[in-house]
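Thanks, everyone, for making time this morning. I would like to walk through one model with you, going from the sheets to the domains and then to the ligand, so please have the sequence and the coordinates open.

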Amino acid sequence: MLHQTNLTVNEAGHLAVGGVDTLALAREYGTPLYVLDEDMVRSRMRVYVQAVKAHMRAGSLPLFASKALCCKALCRMAKEEGMGLDVVSAGELYTALAAEVPAENICFHGNAKTEEDIRYAIASGVGYIAADGEEELERIDALAARSSVRQRVLLRVTPGIDPHTFAAVNTGVVDVKFGVPIPTGQALEATVRALEMEHIDLAGFHCHIGSQIFDAGPFCLTVDVMLDFLDQVRGRTGYTAELLNLGGGFAVAYEEGETAPDCGEMIRLMAERLTERCEQYDYPLPAVMLEPGRDIVGAAGVTLYTVQNVKSVPGGRHYVAVDGGMGDNPRYALYGARHTALVADRAGEIPDTSVVLAGRCCESGDLIGENVPLHSPRQGDTVAVLVTGAYNYSMASNYNRVPRPPIVALKDGKSRLIVRRETVEDVAALDL
Ligand SMILES: Cc1ncc(COP(=O)(O)O)c(C=O)c1O
């Protein structure tokens with residue numbers, strides 16, 4: 001996994017991220033510690049900004065899916081690099097606005113928005129609300145009427161594409177909690193209703209087919225299904241969409257043997273397919289939004305832990321327990337996600353044992369991984385878990401009242417805190 005160019009082994013044999021010694025970071029900031037290579041985050045953002053500018057129509061915009069890692073510093077980076085933001089809650093919207101992301105570049109999502117969410121989004125002047133269905137359209141219409149505005153809306157539709165089998169119009173994949181299905185005809189009916197609503201300004205449609213997509217095929221298939229749908233909508237209502245939001249899902253390499261895709265090239269292929277289909281249907285080329293999350297921050301993140309205990313069960317497995325776990329990285333507990341780990345003190349050494357990397361919570365399922373190859377781990381070592389920038393901090397919890405780790409960002413070889421360490425007082429601060 002050290003094939004990631006920002007990860008190196010320095011002269012002391014320690015793991016370095018962006019040239020910065022991880023043991024020095026662990027000493028300065030303590031562990032567990034989220035380390036984020038800001039140079040890498042910004043360069044991933046530029047890939048999307050440049051590819052969208054080069055290949056998509058004017059008015060197109062990549063949005064950072066802030067659910068992957070939401071804090072003010074990340075929102076500021078997205079704004080500075082020319083991205084908008086995808087938010088899913090009042091909390092994410094508040095963070096984006098506090099970071100002075102222009103409201104018109106924000107799209108507010110969510111499959112179960114509350115009335116407060118919708119009011120807050122409208123009052124903040126967000127560029128778009130992605131409506132998840134007909135009932136929600138009615139609520140947005142009513143709340144926009146009360147504020148005397150016409151709210152720009154995207155209707156979230158489910159194209160019925162399985163990104164991992166390339167199967168299209170598969171009812172299995174429309175049986176999900178998000179969006180209005182195209183294959184069942186419900187999306188067309190919801191569009192007809194949206195166009196009748198006085199305070200809804202339908203800008204276009206949104207879809208998101210899934211995550212960890214390694215090539216352009218499923219995205220191109222999505223373009224096919226969406227253009228066919230747009231053509232049906234135009235046939236029935238005369239309406240043409242000016243905007244198509246094709247969601248996120250661009251993959252990162254978590255394990256040895258996986259190769260991160262060339263996302264700039266994927267975007268070029270998507271744009272090419274979109275132009276082809278627009279010509280075929282004689283449809284005006286819509287502007288495009290994309291919502292990468294994982295690929296912006298995933299590989300830029302490394303979590304550092306200190307080994308607390310090592311034990312071998314005779315006839316059983318070898319356990320290495322660290323000072324973090326499911327509280328800061330619930331991905332293994334949630335979906336068996338695999339990460340590469342290494343002993344940062346001896347980063348150049350070849351692993352000589354396979355361990356269960358266990359967390360500190362009072363829960364047997366609190367594991368960071370099983371069958372994790374490590375080099376002679378012992379108490380006091382620093383273990384680095386790689387590719388933890390996405391869906392780690394943002395999914396962290398205070399289970400067992402363990403405070404959440406801080407995030408330190410690395411830029412030009414220097415470190416700075418962008419989220420401070422939580423304290424036990426913070427954790428108890430809401431108790432009455
Ligand atoms: C609507 C929407 N957009 C974007 C994303 C980001 O996906 P990823 O982090 O895989 O790029 C998600 C992820 O769940 C999503 O639901």
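Let me begin with an open sheet of three strands, in the order 1-2-3, in which the pairing is antiparallel. Its edge strands are strand 1, residues 7-9, and strand 3, residues 20-21, each of which pairs on one side only. Strand 1 runs antiparallel to strand 2, residues 15-17, and three bridges join the two; if you want a residue pair to look at, Val9 has Leu15 of strand 2 as its bridge partner. Please keep in mind throughout that this is a predicted model.

Now to the division into domains. Domain 1 is made of two segments, 7-30 and 300-428, while domain 2 covers 38-297. The centres of domain 1 and domain 2, taken over C-alpha atoms, are separated by 33 Å. As for how they touch, 18 residues of domain 1 are in contact with 17 residues of domain 2. On the side of domain 1 that touches domain 2, the elements giving two or more residues are strand 20 and strand 21, and strand 20 gives the most, with four residues. By class, the residues on that side of domain 1 divide into ten nonpolar, six polar and two charged.

Strand 20 deserves a closer look, and one may ask which strands it pairs with, and in what sense. With strand 4, residues 33-37, strand 20 pairs in the parallel sense over four bridges, and there Tyr34 stands opposite Ile407 of strand 20. With strand 21, residues 414-419, strand 20 runs antiparallel, joined by five bridges, and in strand 21 the bridge partner of Ile407 is Val419. Ile407 therefore has a partner named in each of two strands, if we put Tyr34 beside Val419. The hairpin of strand 20 and strand 21 has two residues between the strands, and in this hairpin Asp412 takes a positive phi near 50°. As to burial, strand 20, residues 407-411, is mostly covered, with four of its five residues buried.

Let me turn to helix 7, residues 186-196, where Ala187, Ala190, Thr191 and Ala194 are buried. Where do these residues lie around the axis of helix 7? They cover an arc of only 105° around that axis, so they are on the same side of helix 7. What covers the buried residues of helix 7 includes two helices, helix 6 at 134-146 and helix 8 at 217-237, together with strand 9 at 151-158, strand 10 at 180-181 and strand 11 at 200-206.

For those of you who think first about binding sites, here is the shell around the ligand. It is formed by 15 residues, of which the closest are Ala65, Ser211, Gly248, Gly293 and Arg294. By class, the shell holds four nonpolar, seven polar and four charged residues.

Finally, one residue in a loop. Gly316 is found between strand 14, residues 301-312, and strand 15, residues 318-322. Is Gly316 buried or exposed? Gly316 is exposed, because its count of other C-beta atoms within 10 Å is 9, and the cut-off for exposed is 12 or fewer. Gly316 and Arg76 are 240 residues apart along the chain, and their C-alpha atoms are separated by 48 Å.

That is the tour, and I am glad to go back to any part of it.

How values were computed:
Residues are numbered from 1 along each chain as its sequence is written. This is a predicted model: local features need pLDDT of at least 70, side-chain atom pairs count only at pLDDT 80 or more; totals for chains, interfaces and linings use all residues. A residue is buried if 20 or more other C-beta atoms lie within 10 Å of its own, exposed if 12 or fewer, and partly exposed in between; C-beta atoms are placed from the backbone. Two strands pair if DSSP finds at least two bridges between them. The arc is that of the directions from the helix axis to the C-beta atoms. Two residues are in contact if their C-beta atoms, placed from the backbone, lie within 7 Å. A residue is near a molecule or strand if its C-beta atom, placed from the backbone, lies within 6 Å of it. Ala, Val, Leu, Ile, Met, Phe, Trp, Tyr, Cys and Pro count as nonpolar, Asp, Glu, Lys and Arg as charged, and the others, Gly among them, as polar. Domain bounds come from an automatic or database domain assignment.
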